[in-house]
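Good morning, everyone. Today I would like to walk through one chain slowly, starting with its overall make-up and then turning to one strand pair.

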Amino acid sequence: MGNTQKAHLFLLLGFALFFILAAQPSPPVSPKPNECEDGLYYCPEHQTCCCGVDFYGMCLVHGCCPLENGVCCEGSNLCCPTDFPFCDVLEGTCHKDYGDKIGVAARKRRMAKFKLPWSSSGTKGVEEMDQTLRWKRNQFSAMR
């Protein structure tokens, strides 16, 4: 076998290896969080970011609606599905049209998480830092 034939053989093997590797499925993409409008807060994937407290057009408190593409109810911590966009805040229900008597239960929003400025995705390190404070009660204090 001559040098040119070996070069052509290596070239063909390289193309074959490239196409075999390219045909294999790629690993699943990890879910990305949904960033809120200001870019400082985020909600988990498949949740909608809602503004909880608005001050002259600037959102001060962000919340996460546990529904994908949910409709945020103004003046409350509730949200509704896209199919039932009319909020009845007093009853805690969502309706298809204004004035409907039958609807679905509205969902409560949760607080959005603060995106750490030094991480690219916003979720790295948050779970490790997320610690809920709890009071340790003295069960014998009432017996004194």
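Before we count anything, let me say how the pieces are named: helices are DSSP runs of H or I with at least four residues, strands are DSSP runs of E with at least two, and both are numbered from the N terminus. Please keep in mind that what you see is a predicted model. With those terms in hand, the secondary structure of this chain comes to two helices and 12 strands. If you follow the chain from the N terminus, the order is α-β-β-β-β-β-β-β-β-β-β-β-β-α, with a helix at either end of the run of strands.

How much of the chain is buried? Of its 144 residues, 22% count as buried, and the chain exposes about 12000 Å², of which carbon and sulfur atoms supply 59%. Turning to contacts, if we take those with a separation of 6 or more, residues 24 or more positions apart account for 30% of them.

Now let us look at one pair of strands. Strand β3 covers residues 48-55, strand β4 covers 58-65, and the two run antiparallel, joined by seven bridges. Together they form a hairpin with two residues between the strands, and tyrosine 56, which sits in that turn, has a positive phi of about 50°.

Which residue of β4 stands opposite threonine 48? The partner is cysteine 65. Is threonine 48 itself buried or exposed? Its relative accessibility is 14%, and because buried means under 20%, threonine 48 counts as buried. Leaving aside residues up to four places away in sequence, threonine 48 touches a list of residues that includes Cys43, Gly63, Leu67 and Glu68, and also Gly70. With glycine 70 there is a further detail, since a polar atom of the threonine 48 side chain lies 2.8 Å from the backbone nitrogen of that glycine.

Finally, let us turn to the surface. Val53, Phe55, Tyr56, Met58 and Leu60 make a nonpolar surface patch of about 590 Å², and β3 and β4 each supply at least two residues of that patch. Leucine 60, which belongs to strand β4, has a relative accessibility of 42%, and because this lies between 20% and 50%, leucine 60 counts as partly exposed. So, to put the two residues side by side, threonine 48 in β3 is buried, whereas leucine 60 in β4 is partly exposed. Thank you for listening.

Conventions. Residues are numbered from 1 along each chain as its sequence is written. This is a predicted model: local features need pLDDT of at least 70, side-chain atom pairs count only at pLDDT 80 or more; totals for chains, interfaces and linings use all residues. Side-chain values use heavy atoms; hydrogens and water are left out. Buried means under 20% relative accessible area, exposed over 50%, partly exposed in between (1.4 Å probe, protein chains only). Contact means heavy atoms within 4.5 Å. Accessible areas come from the Shrake-Rupley method with a 1.4 Å probe; for residues, only the protein chains shown count as cover. A polar contact is a pair of N or O atoms within 3.5 Å; within protein, one must be able to donate a hydrogen and the other to accept it, and residues adjacent in sequence count only if both atoms are side-chain atoms. Patches are made of residues with over 30% relative accessible area and no salt bridge: like charges are joined within 9 Å, nonpolar side chains (Val, Leu, Ile, Met, Phe, Trp, Tyr) within 5 Å. A salt bridge is a side-chain nitrogen of Lys or Arg within 4 Å of a carboxyl oxygen of Asp or Glu. Two strands pair if DSSP finds at least two bridges between them.
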